[in-house]
Structures are given as structure tokens and as C-alpha cells.
Amino acid sequence: MRRLLAIVLPGLLLLTACGGGEAPPAPEPTSQSAGETAKLDSVKLTEKGDKKAPAVEFTKPLDVKEPTIKVVTEGGGDRVKANQIANISIVAFKGTDGSTLEDTFPNDPEPLELNDELKTSSPVIYNAFVGAKIGSHIALAVPGKAAAEGAEAQPTQLLIVKVLSAKDAPPVLEKPEGDAVSPPAGLPTVTENDKGVPQISVTGVAAPKALVSQDLIKGKGQALKETDTITVNYVGVALATGKVFDSSFESGKKATFPLTGVIKGWTQGLNGKTVGSRVLLVVPKNLAYGDQGQGDAKGDLVFVVDILGVK
């Protein structure tokens, strides 16, 4: 839901549970409705395949005061399970007049990872998709927002989500796994401390004339694409000073983000690298934060990146 929700429904995944409460545990969960479900009784769909949004009819205006969700047509496939990734397509409508706000059906499906993070942050979404059958259409009505200073009022929005498929989420490694690679001379040197955290030395290293992307450990997993979302551990230093300006190792939490949302040196340098790899990146400033820099991340930068997962 990364693209549509960023455009149409920012903050939707922060919605809390509402209406109906939590169902008792069951061996095979079924999709749970929530909210003012009677207001979705009028929703009628005409199926047009997986690559074209269904024709949708509903009583207008549609107005809900709390997030509301229910299955409106049930598919004939297997039930979606917890910790799987559901591939979905979405069409969104304005509740007042039924005009279309967004339609992802002609595009590649959007992945929705049904993990513990989603279960905690948005149980409404999680409980509706876990247990839904492949091929189902789920209706989600999102409350409107009152006008605020500098922003117009927004009416209730109706989303129709088709569950196209589901697959198990790929495992995330704890540390790099693969074959050690001896880097060429002249690059920053990388060692590990007693906790396994990479230590980068830039002594005597010349400023890069181009991006350097060097495997230190060559993983045997899936190759990355520039459009992937990856999970990594990393540490970064400024080439001029050798000072660490950022490190996921210090926080103790792996970082997950889309490769399209980072500096160009990462997007270009990690494209084609494999899960399990440890990669040394020497990034010229024009592929980092430019002349101005960002905090202590100034000038040419050096990173060690452990690629632990991709989705």
C-alpha cells in the first residue's frame, strides 16, 4: 500500500481498532469486519478481472465517523495467513459523489505485509486481511477530516481492495552470510569489533572520482532491484574525518526502507547486490548530500551495508 496510501490516505496505517473488538483466537482466522458496517451494505461490485477495477455502486453520500471495513465479495482461494505478504490492487472513491480518487489495478500489485508491526499499529487493517480469501474484495471506508487552517475539509473515502495473491514473507538474516571477498587496494579498510560491528578506517584513502560499490561478503540470496524495499544494518562515516555520523548498529534495530527513498549512492550502489552481502560503498558527495551536506554527513561518504532482507 506504499504508493496509494502515501498519496490518498496518509496516516491510514496508524488507525486503531474500532467496533466489534478483537475476536477470540482461532486455528484458521477469518476476516474481521469493524466499524459502521451497515453503511457498506449498499456496496455492489461488477468484476472486471485482476487488471481492471470493478464497477462499484454505493449509496451516496457515504459518511462514516470511524474506520469501517468488511469483505463485500468473497474469493475462492486460500485464506491469507499472518506474516504473509498480500498482493493487492486498490480503487479509491470520494464518498460524497463517487468520483475516483486513485486506481492501482492497471499497475503492479501493491504488497501489504501482515506482520506484528501492522497488527500493533493498525489492527483494523490486519484483522480484515488475515483470514480473507484470495480473490476477495474488501471495502474500507475512511472517515473524512474537518477543514483546518491551510487545508480544506476532506470527505469520507471508500476503498475497494482486491486480494490477488499471498506469499510467505522472505526471512530476514541476523548477519551477512556468504563468501568473503578481498577488496582491491586503496579502499577504506573494514574490521569488526568484539560485538561484530563494522569499523571503518579511511586513513590514506583518496577522494573517489566515481561511486565505488565493493562486496566484502558476497551473499547467495536474491539480487536487489532499485525499486525494492530492503532491510539492512549499516554504518556511515565521513571520508574527510572518519567520524561516524549514522549507524543502525548503535540503535540495535535493523533499518527497512525503499531503495528509491535514499541517496543516489545507495540506490545505484546496491542495485544488483545480493541478500546476505556486506557491501562497502564509497560515495562521492554529488551522489550523497551535495556540498551542503546533512549534519555530520558532509562531503564524500563511506558506508558498510549488510543486506539482510528484501521485499
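The exercises below work through one strand and several salt bridges in a predicted model.

**Exercise 1. Place Asn87 and decide: buried or exposed?**

Step 1. Find the element. Asn87 sits in strand β4, residues 84-94.

Step 2. Apply the cut-off. Buried means under 20% relative accessible area. Asn87 has 15%, so Asn87 is buried.

Step 3. List the contacts beyond four places in sequence. Asn87 touches Pro109, Glu110 and Pro111. Asn87 also touches Lys162, Val163, Leu164 and Ser165.

Step 4. Widen the view to the strand. In β4, 10 of the 11 residues are buried.

**Exercise 2. Which strands pair with β4, and over how many bridges?**

Step 1. Take β8, residues 157-168. β8 runs antiparallel to β4, and 11 bridges join the two. One residue pair to locate: Ile88 has Val163 as its bridge partner in β8.

Step 2. Take β6, residues 110-113. The pairing with β4 is antiparallel, with 4 bridges. Here Ala86 stands opposite Leu112.

Step 3. Take β5, residues 100-103. β4 and β5 are antiparallel too, over 3 bridges. Phe93 has Thr100 as its bridge partner in β5.

Step 4. Look at the hairpin of β4 and β5. There are 5 residues between the strands. In this hairpin, Gly98 takes a positive phi near 80°.

**Exercise 3. Describe the salt bridge of Glu47 with Lys162.**

Step 1. Check the distance. The cut-off is 4 Å between the side-chain nitrogen and a carboxyl oxygen. The closest N and O atoms of Glu47 and Lys162 are 3.2 Å apart.

Step 2. Place both ends. Glu47 lies in the loop between β1 (44-46) and β2 (55-57), and Lys162 in strand β8. The two are 115 residues apart, so the pair links distant parts of the chain.

Step 3. Compare accessibility. Glu47 is partly exposed because its relative accessible area is 41%. Lys162 has 6%, so Lys162 counts as buried.

**Exercise 4. Where do Lys273 and Asp215 lie, and are they buried or exposed?**

Step 1. Confirm the pair. Lys273 forms a salt bridge with Asp215, with closest N and O atoms 3.5 Å apart.

Step 2. Place both ends. Lys273 is in the loop between α5 (264-270) and β16 (278-283). Asp215 is in strand β12, residues 212-219. They are 58 residues apart.

Step 3. Assign burial. Both Lys273 and Asp215 are buried.

**Exercise 5. Assign accessibility to Lys285 and Asp291, then find a network.**

Step 1. Confirm the pair. Lys285 forms a salt bridge with Asp291 at 2.9 Å between the closest N and O atoms.

Step 2. Read the values. Lys285, at 37%, is partly exposed. Asp291, at 68%, counts as exposed.

Step 3. Follow shared partners. Salt bridges join Glu47, Asp50 and Lys162 into one network.

Terms used:
Residues numbered from 1 in each chain as written. Predicted model: local features only at pLDDT ≥ 70, side-chain atom pairs only at ≥ 80, totals over all residues. Heavy atoms only, no water. Buried < 20%, exposed > 50% of the residue type's maximum accessible area, 1.4 Å probe, protein only. Contact = heavy atoms within 4.5 Å. Pairing = 2+ DSSP bridges.
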